[in-house]
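Biologist: Hi, could you walk me through this one? I'm new to reading structures.
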Amino acid sequence: MKLIEKIKNIEHKEKYVYTAMFFAGMFSLSILSAKNSLPEIKKTATVATKQLQQKLKGEKVTATYAASATEDTTSSDDTSTLEAIVSTGIAHVDNNITTSVYKRYDWIEGYGTVNRLVGKKEIDGFSYALDKKNAYNSVNFWVTVPDHDYRRYSQQLLTLKNEVGKKGGKLIFMGFPNKFDSTWDSGYSGIPYNDYNNQMDELLLWNRRYGIDSIDFRTTLKNSGLTWKEMFYKTDHHWTGKAAFLAFKDLVGHLNDKYDAKLDPNGYYRNINNYEIKWHKNIFLGASGRSVGVSFANEGLEDFQTFKPKFDCNITWNKMKGNYTDTVLIPSKLKYDNLYESDPYGYYMNGVCQMDQIINHNNKDGLKVLWIRDSFASPMIVDSIPFCSQIDCVWGKYATDDYVKKAIKNTDYDYVFVAYGTVDLLPNFFHFYENDYPKKD
Amino acid sequence: MVFSSLTFLLYFLPITILGFFLLGFSIKLQNIWLLIVSLIFYAWGEPVYVSLLIISIIVNYIMGLLVDRYNDVNQKKAKIALTIDVVANLSILFVFKYMDFFISSINGAIGKNVIPKAGLTLPIGISFFTFQALSYVVDVYRHDANVQKNPLDLGLYIAFFPQLVAGPIVRYKTIEYYINNRRFNINNVTEGTWRFSIGLVKKILLANNLGVVVDNIYKLTQTGSDMYQVPVVMAWIGAAGYMLQLFFDFSSYSDMAIGLGKIFGFEFDENFNYPFISKSIGEFWRRWHISLGTWFKEYVYFPLGGSRVKNADIMVRNTFVVWALTGLWHGASWTFILWGLYNLLFLLLERIVDFEHRNIPAVIRHAYVVVIFMLGMVMFRAQDIYLMREYFKNMFMANGNPFCSDTSIMILREYWMVFIPAIMCSIPIAPYIRKKVEASKNVPVKFVTKTAWVALLCLGMMISVSSLVRGGYNPFIYFNF
């Protein structure tokens with residue numbers, strides 16, 4: 001029978017067409033992705049094999065999959081048993097395969113486009129949602145569920161205050177503003193945006209009750225006269241360098257007023273004209289945007305603001321020595337090969353590291369400060385360098401009981417700043433004194 | 001490993017298919033290849049418990065040989081071998097799935113933790129492959145199936161990856177022919193690919209998205225009404241959502257299993273037959289998870305006497321045993337047992353009033369079935385009695401909760417494009433259209449419709465793959481069984 005006759009006699013020809021497309025697509029994507037995946041899988045297999053060998057020999061398992069100090073290693077891989085090592089290795093291979101798919105970001109953008117075309121405002125199972133400004137916001141169904149004990153956090157701050165006070169130091173709690181705020185935002189009805197202002201209000205209330213000195217930077221921004229665009233980014237949860245500077249000014253004023261700190265008597269460091277503010281056009285895709293893609297909001301890339309002192313400094317930051325842009329301000333973060341792996345906010349102190357130390361060689365008699373903080377604090381820390389001789393910083397979730405007690409014991413801090421955004425008022429940011437706080441009424 | 005993962009789609013499946021077709025000159029080698037990849041498939045998710053699967057294959061192989069050897073020659077010994085096999089299989093199931101449940105129940109009854117729990121994790125698919133292996137030996141005993149003397153071929157039957165971890169539960173005689181008598185048939189490959197793809201799209205685009213809504217609503221319910229008031233509308237959205245999520249999660253897995261089986265030349269029986277068009281609970285359970293219902297009917301209900309017994313009490317007892325076990329099969333929890341008995345209640349009531357032959361409008365029948373099943377699914381989903389109670393109270397405004405909320409409306413606004421297709425795909429609209437199109441003599445209409453089917457499926461696959469690349473929510477409910 002001729003081929004054409006044979007084809008004519010086929011029932012369900014559409015399934016043959018589809019099958020050909022399916023196999024062509026599957027094999028093509030597989031081969032093209034293998035080029036990226038196989039080296040990563042090989043690395044994973046090497047680490048897993050080494051872990052297995054160490055475990056079988058009864059040695060301590062030291063081989064690790066972690067990459068850098070800025071990676072969150074609080075959820076470290078389980079190496080307690082052989083099964084755990086194998087399971088972890090398999091999980092890493094699965095992850096390698098997912099993250100090395102050919103044209104991965106095109107697929108992610110495609111997914112965002114589809115969600116936008118069907119009119120959705122939330123994406124990824126209520127991970128993110130757009131507000132009416134088309135800005136990305138984190139979303140959480142638990143935002144209205146009162147499931148944390150803010151009174152206890154305040155009691156822990158009280159213990160910290162007392163311990164710091166024994167050596168003459170002062171504790172100040174700082175609350176960073178929530179990106180989503182009814183003052184400057186309107187969201188779509190019913191979507192549980194990450195509006196943790198009530199939670200911050202409750203903590204600040206308990207702080208007042210226990211006499212913890214607190215500064216609410218939400219008020220700073222509300223009174224600043226800045227537009228929303230000057231304060232925040234659409235695709236990122238952080239504030240701008242300028243917004244952070246206004247908070248820095250308030251902090252200095254507060255220290256001078258309350259503690260007679262006599263900082264910046266001429267107002268030089270609080271004069272915005274002594275800083276270079278630059279908008280870098282169309283380079284920024286923030287953390288939310290890198291997760292979801294650009295297409296969901298369909299607004300393209302944002303401009304990113306850098307806020308840099310015009311004056312010099314001479315500091316050492318984590319073994320790097322020199323001026324601002326040799327150390328704590330990282331211009332290389334503004335250039336990138338891969339948009340989705342970029343991190344322009346890392347311009348300020350690499351975003352946030354587990355622990356940092358800044359030594360100011362130009363002010364050896366300056367303040368000694370400990371910041372227990374999150375990433376919002378980074379631009380403020382940079383602004384505060386001129387007043388300090390030593391700044392120790394710890395990312396809140398690494399501020400363990402041991403760390404904080406040791407830090408206070410070893411250094412006579414003038415100030416300890418606990419500086420968190422509303423979304424970080426969580427148990428894992430309040431490990432210090434979690435078992436020995438005064439249970440006051 | 002799950003079918004709806006990039007590891008499976010980009011690496012496991014292409015390599016398996018390539019190896020399979022390259023070995024097309026030898027069925028024996030193909031079988032060995034399929035067995036090896038099936039064990040790798042299982043080991044990917046259970047690197048330790050793959051040994052349990054291998055032990056199960058060995059034990060059932062040996063017992064099958066012994067049963068066959070003594071059958072008709074020494075029936076007593078054959079029965080002993082069968083008993084040992086049943087005890088061995090059920091013991092594995094008991095130890096890994098039910099032991100801690102019974103320990104908790106005993107400790108709860110005593111009032112203190114007298115017996116320590118074993119804390120064993122549940123191996124994926126244990127309920128499926130244990131029942132499947134058990135059915136083989138029983139069928140050999142009953143002369144319903146020939147003994148398989150090749151351990152690798154028996155291993156393939158028990159461990160074949162398409163149906164290993166979530167069914168359908170395949171009887172050995174169904175698959176026996178295909179183990180050694182497959183012929184390459186391009187039509188099977190195309191039908192199988194089509195079916196697999198439909199299953200994958202339903203799973204990722206419908207089941208997973210419904211799961212997002214359902215999980216959030218159940219978690220909010222779990223917090224208790226003094227922390228969060230779940231409105232009535234939200235509770236009903238969650239109940240309906242879970243009913244649809246479970247259907248699509250499970251039926252799509254069956255679609256993928258049947259499709260994959262077809263690609264490799266195996267024909268599995270259907271496992272779902274549009275259960276939501278049922279007009280009675282009895283009919284529903286003849287359309288939902290058909291292979292499990294058949295298994296319990298063949299191996300529990302009929303051996304107990306079934307419904308052909310002199311005394312109606314015995315029939316009720318037999319039905320009670322089946323449904324208590326069906327509930328228990330799904331999980332080691334009182335809520336599953338309650339759910340099984342809940343279904344039993346309606347099955348018996350329908351029998352008593354001869355519901356299926358009564359003159360009741362179809363709309364009312366359909367609504368009755370959907371509502372009863374939906375309420376049963378609340379029990380099924382709730383991890384414990386507390387959550388079940390809270391959920392029902394929310395559904396019927398007995399928690400001081402409001403009727404509706406902005407969030408409830410938001411869920412419908414954001415997920416209507418999941419709920420509506422889900423409802424449409426749960427009833428046989430597509431087969432109806434396909435039937436009409438096939439019967440049509442209008443060539444352009446046929447061409448356009450078929451092109452649209454292909455385009456739609458391709459689009460669905462592209463969106464599904466993009467969702468997998470994105471790395472979103474991707475559970476498999478029936479893996480817990």
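Modeller: Let's go through the contact between the chains, then the domains, then some backbone angles.

Modeller: This is a predicted model, so to speak of local features we need pLDDT of at least 70, and side-chain atom pairs count only at pLDDT 80 or more, while totals for chains, interfaces and linings use all residues. Residues are numbered from 1 along each chain as its sequence is written, chains are lettered from A and ligands numbered from 1 in the order in which they are written, and side-chain values use heavy atoms, with hydrogens and water left out.

Biologist: Okay, how many residues does each chain put into the contact?

Modeller: Chain A gives 50 residues and chain B gives 52 residues, where contact means heavy atoms within 4.5 Å.

Biologist: And what area is buried between chain A and chain B?

Modeller: About 4,900 Å², with carbon and sulfur atoms giving 71% of that. Buried area is the accessible area (1.4 Å probe) that two parts lose on being put together, summed over both.

Biologist: How many salt bridges cross the interface?

Modeller: Four, by the rule, which wants a side-chain nitrogen of Lys or Arg within 4 Å of a carboxyl oxygen of Asp or Glu. One of them joins the side chains of E14(A) and R434(B), at 3.1 Å from N to O.

Biologist: Which element gives the largest share of chain A's side?

Modeller: That's α2(A), with 15 residues. Helices here are DSSP runs (H or I, at least four residues), strands are E runs of at least two, and both are numbered from the N terminus.

Biologist: What kinds of residues are on that side of chain A?

Modeller: They divide into 28 nonpolar, 12 polar and 10 charged. Ala, Val, Leu, Ile, Met, Phe, Trp, Tyr, Cys and Pro count as nonpolar, Asp, Glu, Lys and Arg as charged, and the others, Gly among them, as polar.

Biologist: New topic: which domains does chain A have?

Modeller: Domain 1 (2-102) and domain 2 (128-429), with bounds from an automatic or database domain assignment. Their C-alpha centres lie 38 Å apart.

Biologist: And the backbone angles?

Modeller: Most residues other than glycine have a negative phi. M349(A) has a positive phi of about 55 degrees, and its place is in the loop between β9 (320-322) and β10 (355-360) of chain A.

Biologist: Is M349(A) buried or exposed?

Modeller: Buried, with a relative accessible area of 0%; buried means under 20%, exposed over 50%, partly exposed in between (1.4 Å probe, protein chains only). Y433(A), in the segment after β13 (415-421) of chain A, also has a positive phi, near 55 degrees, and is buried at 4%.
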